Amino acid sequence: MSALLKTVNLERTFGAVTAATDINVELNSGEIVGVIGSNGAGKTTFINMVTGYIQPSGGDILVRGESIIGKSPREVSLAGVGRSFQVAQLFQELTVLDNMLIAFGFSVDRKLSFLNPLRSAEKIEKAQAVLREYEIEQYTDEVVSTLPQGVRKLLDIAMAMLSNPGLMLLDEPTSGVAIEDKFTLMDTVMAAVRKSDAATMFVEHDMEVVLRYADRVLAFYDGRVLADGPTQKVLSDPKVQELVVGHHLDLSDSAPATTKESGHA
Amino acid sequence: MKTKSLALLFILGLAILAGGLLLPQWMSYLFTIAMGKGLVVLGLVLLMRAGLVSFGQGLYYCVGAYVAGMLTQFAEVTDILLILLASISVSVVIAAIIGLLLCRYREIFFAMFSMAFSMILYGLLVRMQVLGSTDGFNVANPSLLGWAPGPEGASDLVLAVAVFLVVSLGILAWRYLNSLSGYAGEAVRENEIRLEYLGGSVFKVVYVKYIIAAALAAIGGTVTALVSGHVDPEMAYWTTSGEFVFIALMGGTAHVAAPIIAAVLFEALRTYAFAVAPYTWQMILGFALLAIILFMPSGLWSLVERFQNKKARKTT
Ligand SMILES: Nc1ncnc2c1ncn2[C@@H]1O[C@H](COP(=O)(O)OP(=O)(O)OP(=O)(O)O)[C@@H](O)[C@H]1O
Ligand SMILES: [Mg+2]
């Protein structure tokens, strides 16, 4: 059995900037991985490469043993890789329901019908069931651009999860969300993720959130993987604490340690 | 809502048909021209809802007209159904080829490239002596399934066919816009990246719309050619395409009936403006458009929506 995701000497440069180099990561079904690293460490670049949004300058990316180099985001997503975005990517001027219906049409039904109504009672019911699962049902008829960040983030993730991707990459699911709502949001997302047995990577700046949800942590520093291993082990690594977290983390309690956000606005 | 919309469209069609047949010749002529243009604009609206403004629908309008002209004059085919079939086929083939290139572009590039292709056709037709160069040529009277109504009845025949086309294609367009591939246009307009990540093909969505719009424009051109009895290269000139954009902005894109109603109003307004101010009629049109853009940025159809909202508020 080949790994769900395997990157080999992955590299990406932007002019003189090396956004990723020497990245060798392996991921298997059911794993939940927190991705940490300060601003500009290369976290989003990594996700962008794995989802076909940008092409690596070197190295290889294998999804279930097959290279996805040269594939478009569409092809990669059809290969079972889903993602959410640092800034939620939605159909801004449409309602939450319409966003969901389009997502259903393209990622579940996958049939470009010409005359069947998009808004059939049956389809609306299915869409609402998903909105209920993500606890955003009360926004069904609202236009997305009028909604708070947290709701948009959830909708973004809910839409990406519809196709049941085997690998789900969440880029800062809690950014722009009030501190008191972060855990509620992550609880909802993680419940959905666990149900699907997808391997999940989430980029997160808040170490409390990482501690609570990740089984494994991938720490990026300056385009490289600085550390990769079980959450407790990586977060207690002095090098990680110095270069990534930016201060000492107290991991002795079972309750999440009190930390500040790692030098990040 | 659904059945109401359909009923509305149907009644509108019957009213226009009845009106057109009873009205004086010159008015029913204008009605038919408006139906033809309305179909072109309907296609344009499909593209506009996906965020793409074509300044080149004149290309297919002209193709549809010339196919009708050439079939009646040079091949002695006068059956209106055959003519329609031919102009749809020709326009679809052309659109399928040009669309491969065009549908990769957006915004001003899409607008300008679409205009460029229509100007190429214009240039070709102007140089073709056999097709009458800038003067164009006359189109013979159409027939239907062996029935040739002669010069008097021909315009009534075209009117009836045009109204039938407007109603049936309007219903199909309405259903299309409410289906996944039709509504995906809004998704393309809003966020192409998201659509691609959902596994949807943005290119396919746009390409299909482009071809449908081309076919509608060709049908509109055929109707115009058959009722006016004449075609000329002006139909592919960029001002003709601009007029379609004008009508589309005037009506708005919120409903399939909007472009049809706008086309009727446009023809009426133009005729009126031309009659009262033969030298400055374009200015009147300009002011009309300005007023609409200022006071009804979503087009005349927003009046209907305002009315519907008021009614909804009253009933609740
Ligand atoms: N499209 C681009 N063009 C040029 N440079 C880029 C581009 N995308 C990323 N970079 C650079 O690559 C490096 C890594 O950026 P990346 O967005 O991956 O960081 P990140 O870890 O996601 O940071 P953040 O926490 O701020 O989201 C940065 O130095 C950034 O400036
Ligand atoms: Mg980032």
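How far is an oxygen atom of ligand 1 from an N or O atom in the side chain of A:Asn39? The distance is 2.9 Å. Keep in mind that this is a predicted model.

Let me start with confidence. The predictor gives the complex an ipTM of 0.86. The pTM is 0.88. Chain B has an average pLDDT of 87. In that chain, 97% of the residues score at least 70. The low end of chain B is helix H1, residues 2-22, with a mean of 72. The high end is helix H9 of chain B, residues 202-228, at 95. A general caution applies here. Low pLDDT means the predicted coordinates should not be read in detail.

Now back to ligand 1. It is surrounded by 14 residues. The closest are A:Asn39, A:Gly40, A:Lys43, A:Thr44 and A:Thr45. You have heard about A:Asn39. Next, A:Gly40 uses its backbone: a polar atom there sits 2.8 Å from an oxygen atom of ligand 1. A:Gln86 uses its side chain, with a polar atom 2.9 Å from a ligand 1 oxygen. How much of ligand 1 does the protein cover? On its own, ligand 1 has 630 Å² of accessible area, and the protein covers 62% of that. Two elements of chain A give two or more residues to the shell: strand E2, residues 17-23, and helix H1. H1 of chain A gives the most, with three residues.

On to the metal. Which residues coordinate the magnesium ion, ligand 2? They are A:Thr44, through OG1, and A:Gln86, through OE1. The distances run from 1.8 to 2.3 Å. This pair links distant parts of the chain, 42 residues apart. A:Thr44 is in helix H1 of chain A, residues 43-50. A:Gln86 is in the loop between strand E7, residues 81-84, and helix H3, residues 96-109.

Are these two residues buried or exposed? Neither label fits. A:Thr44 has 26% relative accessibility, so it counts as partly exposed. A:Gln86 has a relative accessible area of 33%, so it is partly exposed too. The buried label needs under 20%, and the exposed label over 50%.

Last, a geometry check in chain B. Helix H11 covers residues 257-276, which is 20 residues. At 1.5 Å a residue, it should span 28 Å. Its end C-alpha atoms are 29 Å apart, so the model agrees with the expected span. Which residues of this helix are buried? Among them are B:Ala257, B:Pro259, B:Ile260, B:Phe266 and B:Glu267. B:Ala273 is also buried.

Methods:
Residues numbered from 1 in each chain as written. Chains lettered and ligands numbered in written order. Predicted model: local features only at pLDDT ≥ 70, side-chain atom pairs only at ≥ 80, totals over all residues. Heavy atoms only, no water. Helix = DSSP H or I, 4+ residues; strand = E, 2+ residues; numbered from the N terminus. Expected span 1.5 Å × (residues − 1). Buried < 20%, exposed > 50% of the residue type's maximum accessible area, 1.4 Å probe, protein only. pLDDT = per-residue confidence, 0-100. Donors = N, O, S within 2.8 Å, 3.2 Å for Na, K, Ca; no water. Near = heavy atom within 4 Å. Polar contact = N/O pair within 3.5 Å; in protein donor to acceptor, adjacent residues only side chain to side chain. Areas by Shrake-Rupley, 256 points an atom, 1.4 Å probe, with all protein chains shown as cover.
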